[in-house]
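The following note sets out several points for a colleague who has the coordinates open. Each point may be checked against the structure shown below.

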Amino acid sequence: GDACFAKAVDNFEVVARGRDFVVHASCKLVSLLLQAQDLAVVQEEDAVDQVFRYVDYDPDARLGSLPALLECARLALLQREGLAQVMLQIEGLHGEEVGLLKRKLGVLRVSLDAEEGGG
């Protein structure tokens, strides 16, 4: 219930590294956790890493959900290296949702470049 979900949010990195999570969690649960305002991660890249780990466990069933799951992660908070890593990992993927995600990542990268250039 709610207490269990709250515990998963508070301990996301530990929970997400567990085998049961990777094997049994639904895409819906993963997306809900990623969207939680108080998701406990040291840095946003950690949440994104867990998304790729989750999808990599069963790519045939989960790859189609990758763009939506990444959209749930707070991509705008990624550092330059994290953003570059996500772009690299989705480079070979195709489809409308992936195209939209690639454009969004490109905009975020331009925004980061502008911030660094002006600061």
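**Notes on the predicted model**

1. Ser31 lies in helix 4. The structure is a predicted model. At 12% relative accessibility, Ser31 counts as buried, because the cut-off for that class is under 20%. Leaving aside residues up to four places away in sequence, Ser31 touches Leu69 and Cys72.

2. On confidence, the protein has a mean pLDDT of 91, and 98% of its residues reach 70 or more. Among the elements of the protein, the highest mean pLDDT, 95, belongs to helix 4, and the lowest, 88, to helix 9.

3. The aromatic residues deserve a separate point. The structure holds two aromatic pairs. In one, Phe12 and Phe21 meet edge-to-face, with 6.3 Å from centre to centre and 85 degrees between the planes. Both Phe12 and Phe21 are buried. In the other pair, Phe21 and Tyr54 are tilted, with a centre-to-centre distance of 6.1 Å and 55 degrees between the planes. This second pair links distant parts of the chain: Phe21 belongs to helix 3 (residues 19–24) and Tyr54 to helix 5 (residues 44–57), and the two are 33 residues apart. Phe12, Phe21 and Tyr54 form one aromatic cluster.

4. Are Phe21 and Tyr54 buried or exposed? Phe21 has a relative accessibility of 8% and therefore counts as buried. Tyr54, at 1%, also counts as buried. In addition, the charged end of Arg62 sits over the ring of Tyr54, at 3.8 Å from the ring centre.

5. The largest nonpolar core has 33 residues, of which Phe12, Phe21, Leu34, Val48, Leu70, Leu75 and Leu105 touch the most other members. Several helices give two or more residues to this core, among them helix 1 (2–10), helix 2 (12–17), helix 7 (66–72), helix 8 (80–90) and helix 9 (96–118). Which element supplies the largest share of this core? That element is helix 5, with six residues.

6. Val48 may be examined individually. Apart from residues up to four places away in sequence, Val48 touches Leu70, Ala73, Leu75, Leu78 and Val86. Val48 is also listed among the buried residues of helix 5.

7. The length of helix 5 can be checked by simple arithmetic. At 1.5 Å a residue, its 14 residues should span 20 Å; the end C-alpha atoms are 21 Å apart, so the two values agree.

8. Helix 5 is mostly covered, with ten of its 14 residues buried. The buried residues include charged and polar names as well as nonpolar ones: Glu44, Glu45, Asp46 and Gln50 are listed together with Ala47, Val51, Phe52 and Val55. The cover over the buried residues of helix 5 includes helix 2, helix 3, helix 4, helix 6 (59–62), helix 7 and helix 8.

9. Ala6 offers a point of reference in another part of the model. Ala6 has its place in helix 1. Its relative accessibility is 35%, and Ala6 therefore counts as partly exposed. From Ala6 to Asp60 the separation is 54 residues in sequence and 30 Å in space, C-alpha to C-alpha.

Definitions and conventions. Residues numbered from 1 in each chain as written. Predicted model: local features only at pLDDT ≥ 70, side-chain atom pairs only at ≥ 80, totals over all residues. Heavy atoms only, no water. Phe/Tyr/Trp six-rings, centres within 6.5 Å; stacked < 30°, edge-to-face > 60°. Buried < 20%, exposed > 50% of the residue type's maximum accessible area, 1.4 Å probe, protein only. Helix = DSSP H or I, 4+ residues; strand = E, 2+ residues; numbered from the N terminus. Lys NZ or Arg CZ within 6 Å of the ring centre and 35° of its normal. Core = buried A, V, L, I, M, F, W, Y, C linked by side-chain atoms within 4.5 Å. Contact = heavy atoms within 4.5 Å. Expected span 1.5 Å × (residues − 1). pLDDT = per-residue confidence, 0-100.
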